Amino acid sequence: MKILIVEDDKNSRILLEKALSTSVYTVESAVNGVIALEKARQSPPDIIISDIRMPEMDGFELCRRIKKDDQLRSIPFIFYTSTHVDSKDRKLGLSLGASRFVVKPMDHKDFYKVISDVLQEHKNNILTVPDQTMADNKELTGMYSEALARKLDKKINDLENQQAALQESEERYRSLIENIDLGIALIDREHRIVMSNMAQGNFFKKHPRDFVGKYCYQEFEKREKVCDHCPGVLAMSTRQKSVIETIGVRDDGSRFPVLIKAIPVFGPDRTVTGFIEVTDDITERNKDAEELSKHREHLEELVKEQTSELIKINKDLEHEITERKMAEAESLRASQLASLGELAAGVAHEINNPINGVINYSQILMNNSTPGTKEHDIAVRIIKESDRIAGIVNKLLSFAHAREEGKKSLNISKILSEALSLTESQLRQDCIIVKVNLPSTLRPISAQPQQLVQVFLNILSNSRYALNRKYEMANKDKLIEVTVAEESIDDCPYIHIIFYDNGTGIPKDQIGKLLDPFFSTKPSGEGTGLGLSISHDIIVEHGGRISFDSVMGKYTKVIIYMPIEQ
């Protein structure tokens, strides 16, 4: 079955089409009575649903003509309206031959039932069809004229109400525009000023009417052409708001900073007809910002000063703490050396007496035996080893005693030999190979021997630790090599000593920290971090220097320069 919908409002027409389009009904539509009548004559529908107020031909007239047409007069006709809701309009519609007079809105299910009932009544020949046309019925003509008059009166009343509301809205809008603190100007596409508010006039010290018809770039910036930075141009081209900060110029030449927002204005067809320019004098804001900036800079300076002072205090505290720790460490070391000295003296006494007896008895055995015999050879070996034991004890005693000895002239090779002899047993036990490269003659240096022995022992201990970390077992590369030579630097003669090992090496970023007190490359608990720091102080006190060269995983060199005695 086919339904013809007559509705001039597009949204209402589409909603009705979608609601009624089913497997049972096909829907056709028209936007006014003229088109609907033409479609009905070309292809008569099974039912017509029509609005009343429409252009060219309204619903009443359409119904009258349908019911006057012999071919169409039997088609059921339903009025579906939201405007003609008066009881007289209802009576007129039904008198014209409509089957139902329905007031919008109605639930789709209920409306669907109305249509079904009308079609069923039509099928059962229950619907009545008027015998006389409206043209022949003066009463209906009068009712129709009266309906049109009522509609006209209502239309006039609505227009009057709309006019009053529009005037009231315009007055509120004008009041808002005039009382706002922002300058507002309406500008057309040619950049001519259409209107402006009082605030805009106050900014530029002119009456707003003096702007009308003039170009905005001439009035607001005293230019001869459109500004290169014009926000209105950007707003009209992008169809979006545009914001800039620029300088406004008054007729007297005075200038002031402004913030301008340009908002595009659209016509009924959505074409851009111009733009609204909203202006704000930001002189005070800029002053506040400048004051805030000065205040912030002042605070930053205060923070810098306080930070600098805190850094200085922190450094002083760190230095004081470091010196205190070093003093405590030196005190502990002195105490330990004193204890070691007492222990070494006791050990030397207990060992030297028996060793002297062994040497004496061995000398007797050697004197009473014939050279070349087994007995003579054994006696010689006993004397040799006993002398070595006595020498080690004497060296240990010499190193352990914290004697206040001054510097004296000595050969560096003797000091090196003493340090190596004290570590010989440990190095041999760890399968470390020691190579010493000494020239046949070396000029003497002026030094405190125990202090230099301490420096060399510390360096040899570090090398031993690094080699054991890299090689757990014996290896041909498990090597400490000591090279001594004379060298001249800036015409000053030095003894140049290099301790080289093939151990784990030192990370590049840690080399510069090696001489810092309490810094250690060893795990926590395995080193105090004072050995190299104390060694550096000793070398510097002797007029020398110490430096390091290392590649992680390959080698480490400790390089010492000691001045030759003049």
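## Exercises on a predicted model

Ser-362 touches Ala-379, Ile-382 and Ile-383, leaving aside residues up to four places away in sequence. Keep in mind as you work that this is a predicted model.

**Exercise 1. Find the helix that holds Ser-362 and decide whether this residue is buried or exposed.**

Step 1. Start with the position: Ser-362 lies in helix H10. That helix covers residues 283-367.

Step 2. Next, look at the accessibility. Buried means under 20% relative accessible area. Ser-362 has 3% relative accessibility, so this residue counts as buried.

Step 3. Now add the neighbours: Ala-379, Ile-382 and Ile-383 are the residues that Ser-362 touches beyond four places in sequence.

**Exercise 2. Describe the protein chain as a whole: how many helices and strands are there?**

Step 1. Count the elements: the protein chain has 15 helices and 17 strands.

Step 2. Turn to burial. Of the 566 residues in the chain, 37% are buried.

Step 3. Consider the surface. The accessible surface is about 33,400 Å², and carbon and sulfur atoms account for 52% of that area.

Step 4. Finish with the contacts. Among contacts with a separation of 6 or more, 61% are between residues 24 or more positions apart.

**Exercise 3. Explore the largest nonpolar core: which residues have the most contacts inside it?**

Step 1. The largest nonpolar core has 38 residues, and Ile-412, Phe-456, Ile-497, Phe-499 and Ile-560 have the most contacts inside it.

Step 2. Ask where the core residues come from. Elements that each supply at least two of them include helices H12 (412-429), H13 (449-470) and H15 (531-541), along with strands S14 (479-489), S15 (492-501) and S17 (555-563). H13 gives the largest share, 8 residues.

Step 3. Zoom in on one member. Not counting residues up to four places away in sequence, Ile-412 touches Leu-442, Ile-445, Leu-452, Phe-456, Val-484, Ile-495 and Ile-497.

Step 4. Look for another core. One of 22 residues lies apart from the largest, and its members include Ala-40, Leu-96, Ala-98 and Phe-101.

**Exercise 4. Work out the surroundings of Thr-556: which side chain does its own side chain meet in a polar contact?**

Step 1. Locate the residue: Thr-556 is found in strand S17.

Step 2. Its relative accessible area is 7%, so Thr-556 is buried.

Step 3. The side chain of Thr-556 makes a polar contact with the side chain of Ser-550, at 3.1 Å.

Step 4. Beyond four places in sequence, the residues touched by Thr-556 include Phe-499, Tyr-500, Gly-505 and Asp-549.

**Exercise 5. Trace the salt bridges of Lys-206: which partners does this residue have among Glu-219 and Asp-251?**

Step 1. Begin with the idea behind the pairing: side chains of opposite charge can pair when their charged atoms come close. The whole structure holds 22 salt bridges.

Step 2. Glu-219 and Lys-206 form a salt bridge, with the closest N and O atoms 2.5 Å apart. This pair links distant parts of the chain, 13 residues apart: Glu-219 is in helix H8 (residues 216-221), and Lys-206 is in the loop between helix H7 (198-204) and H8.

Step 3. Both residues of that pair are buried.

Step 4. Asp-251 also meets Lys-206 in a salt bridge, at 3.5 Å from N to O. Here the partners are 45 residues apart, with Asp-251 in the loop between strand S8 (242-249) and S9.

Step 5. For contrast, visit helix H10, where Lys-294 and Glu-290 lie 4 residues apart, about one turn of the helix. Their side chains form a salt bridge at 3.8 Å, N to O. Lys-294 is partly exposed, with a relative accessible area of 45%, and Glu-290 is partly exposed at 46%.

Step 6. Put the network together: salt bridges that share partners join Lys-206, Glu-219, Lys-222 and Asp-251.

**Exercise 6. Inspect the backbone: which peptide bond is cis, with omega near -10 degrees?**

Step 1. Recall the background: most residues other than glycine have a negative phi, and most peptide bonds are trans.

Step 2. The bond from Lys-104 to Pro-105 is cis. Pro-105 lies in the loop between strand S5 (100-103) and helix H5 (108-123).

Step 3. Arg-270 has a positive phi, near 70 degrees. Its place is the loop between strand S9 (255-266) and strand S10 (272-281).

Step 4. Asp-490 has a positive phi too, of about 55 degrees. This residue lies in the loop between S14 and S15, and is exposed with a relative accessible area of 71%.

Definitions and conventions. Residues are numbered from 1 along each chain as its sequence is written. This is a predicted model: local features need pLDDT of at least 70, side-chain atom pairs count only at pLDDT 80 or more; totals for chains, interfaces and linings use all residues. Side-chain values use heavy atoms; hydrogens and water are left out. A nonpolar core is a set of buried Ala, Val, Leu, Ile, Met, Phe, Trp, Tyr and Cys residues joined through side-chain atoms within 4.5 Å. Buried means under 20% relative accessible area, exposed over 50%, partly exposed in between (1.4 Å probe, protein chains only). Helices (H or I, at least four residues) and strands (E, at least two) are DSSP runs, numbered from the N terminus. Contact means heavy atoms within 4.5 Å. A polar contact is a pair of N or O atoms within 3.5 Å; within protein, one must be able to donate a hydrogen and the other to accept it, and residues adjacent in sequence count only if both atoms are side-chain atoms. Accessible areas come from the Shrake-Rupley method with a 1.4 Å probe; for residues, only the protein chains shown count as cover. A salt bridge is a side-chain nitrogen of Lys or Arg within 4 Å of a carboxyl oxygen of Asp or Glu.
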